Every structure is written in C-alpha cells, then in structure tokens.
Amino acid sequence: MTTPVSRRMVELSGSEGLWLLEGAAQGRLVYVQRESAVIRPAVHLLQYGRLVVRTPAQAAALSGRPVLTYQVDEIRVAGGPGWTVTAAGPAEVITDPDEASHYRRTLPGWVHGPHDTLLRIHPQTVTGFRFAHGGAW
C-alpha cells in the first residue's frame with residue numbers, strides 16, 4: 001500500500017509565469033459565448049511581451065471582446081512538480097495578410113478555413129502556480 005503524497009500550490013510571479021509561457025507551445029483559449037465558457041486548443045508564441053495565438057475558433061466569435069484568457073499547464077500526475085499559468089488581457093485578430101501568412105507558417109494549426117484564427121493577446125494579468133510535493137519548493 002502506498003501512502004498518499006501531500007501536494008501544495010505555490011503562487012508564481014507574473015514574470016515567472018511569462019517565462020513558463022515562453023517555454024511552452026500549446027495551451028487553451030478561453031472565452032464566453034452565449035453565457036457559456038468556450039475552450040479551444042491553441043498554439044502560441046510569446047513575442048515582444050504579447051501572446052500570438054493560433055486557434056480553431058471563428059474570428060467573428062472573438063472580435064470585440066474586451067478580454068480573452070489563455071491558459072497553459074504542465075501537470076505531471078505520476079510524480080514530480082508541475083505548473084499552470086493563466087494570462088488575460090485585450091486581444092485583436094491579426095488581419096494583415098503578410099503578418100497572418102508569417103504566423104501560419106510559424107505556428108502549426110489544427111484546421112484551415114473560417115475556424116483558423118490568429119490573435120494577439122496583450123497580457124495585463126498573468127497568474128499561476130507551481131505544484132509541489134510535501135515540503136519541496
């Protein structure tokens with residue numbers, strides 16, 4: 001019989017959260033539509049303090065929203081620490097054809113067509129936690 005391992009969450013600084021986002025490649029875009037949370041898989045890169053996100057969502061569903069939320073994590077259930085980071089802020093759909101073409105070459109997508117959207121999120125809040133075992137961290 002194995003004894004349960006105690007775990008705890010340790011809050012990250014915003015700069016550490018951005019550093020973890022920069023080292024990751026995939027996450028989830030979260031927004032509200034018709035009073036329900038919508039979560040879409042996404043790929044991203046952090047460039048000049050902005051998140052460039054490619055996601056299978058319609059641009060019309062994302063345009064005009066005051067804030068979008070992006071969440072990334074690395075959780076190791078079987079052992080070892082993990083982390084979760086959430087960034088939120090205003091965003092705009094990338095519409096410039098040259099810029100969009102560049103990011104479509106840079107960021108692999110799941111779909112093409114009307115459900116293939118590129119966004120630039122300006123993170124105003126970055127929060128997160130590291131998951132630690134027992135007295136570690």
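**One helix, a run of hairpins and two cores**

On one side of helix α1, the residues Ser15, Trp19, Glu22 and Gly23 are exposed. This is what the predicted model shows, and the other side of the same helix makes a helpful contrast. The buried residues of α1 are Gly17, Leu20 and Leu21. These three span an arc of only 105° around the helix axis, and therefore they sit on the same side of α1.

From the helix, the description can move to the strands. Strands β2 and β3 run antiparallel and are joined by 8 bridges. Within this pair, Val32 stands opposite Ala37 of β3. The two strands form a hairpin with 2 residues between them, and Arg34, in the turn, has a positive phi of about 55°. Strand β3 is also joined to β4, here by 5 bridges, and this pair too is antiparallel. Once again there is a hairpin with 2 residues between the strands, in which Tyr48 takes a positive phi near 55°. Across this second pair, Leu45 faces Val52 of β4.

Val52, a residue of strand β4, is worth a closer look. Its relative accessible area is 1%, and buried means under 20%, so Val52 counts as buried. Beyond its neighbours within four places in sequence, Val52 is in contact with Val43, His44, Leu45, Gln47, Ile94, Tyr103, Leu107 and Leu119. Another residue to look for is Val93, which lies 41 residues away from Val52 along the chain, while the C-alpha atoms of the two are separated by 9.7 Å.

A general tendency helps in reading what follows: in soluble globular proteins, nonpolar side chains tend to be buried together. In this model, the largest nonpolar core has 24 residues, and Leu29, Tyr31, Leu51 and Tyr70 touch the most other members. At least two residues of this core come from each of α1, β2, β3, β4, α2, β5, β6 and β8. Leu51 gives an idea of how such parts meet: leaving aside neighbours within four places in sequence, its contacts include Leu21, Leu45, Tyr70, Ala87, Leu119 and Ile121. Leu21 has already appeared among the buried residues of α1, and Leu45 as the residue opposite Val52. Apart from this core lies another, made up of 8 residues, among them Ala100, Tyr103, Leu107 and Leu118. Two of these names, Tyr103 and Leu107, are also found in the list of contacts of Val52.

Conventions: Residues are numbered from 1 along each chain as its sequence is written. This is a predicted model: local features need pLDDT of at least 70, side-chain atom pairs count only at pLDDT 80 or more; totals for chains, interfaces and linings use all residues. Side-chain values use heavy atoms; hydrogens and water are left out. A nonpolar core is a set of buried Ala, Val, Leu, Ile, Met, Phe, Trp, Tyr and Cys residues joined through side-chain atoms within 4.5 Å. Buried means under 20% relative accessible area, exposed over 50%, partly exposed in between (1.4 Å probe, protein chains only). Helices (H or I, at least four residues) and strands (E, at least two) are DSSP runs, numbered from the N terminus. Contact means heavy atoms within 4.5 Å. The arc is that of the directions from the helix axis to the C-beta atoms. Two strands pair if DSSP finds at least two bridges between them.
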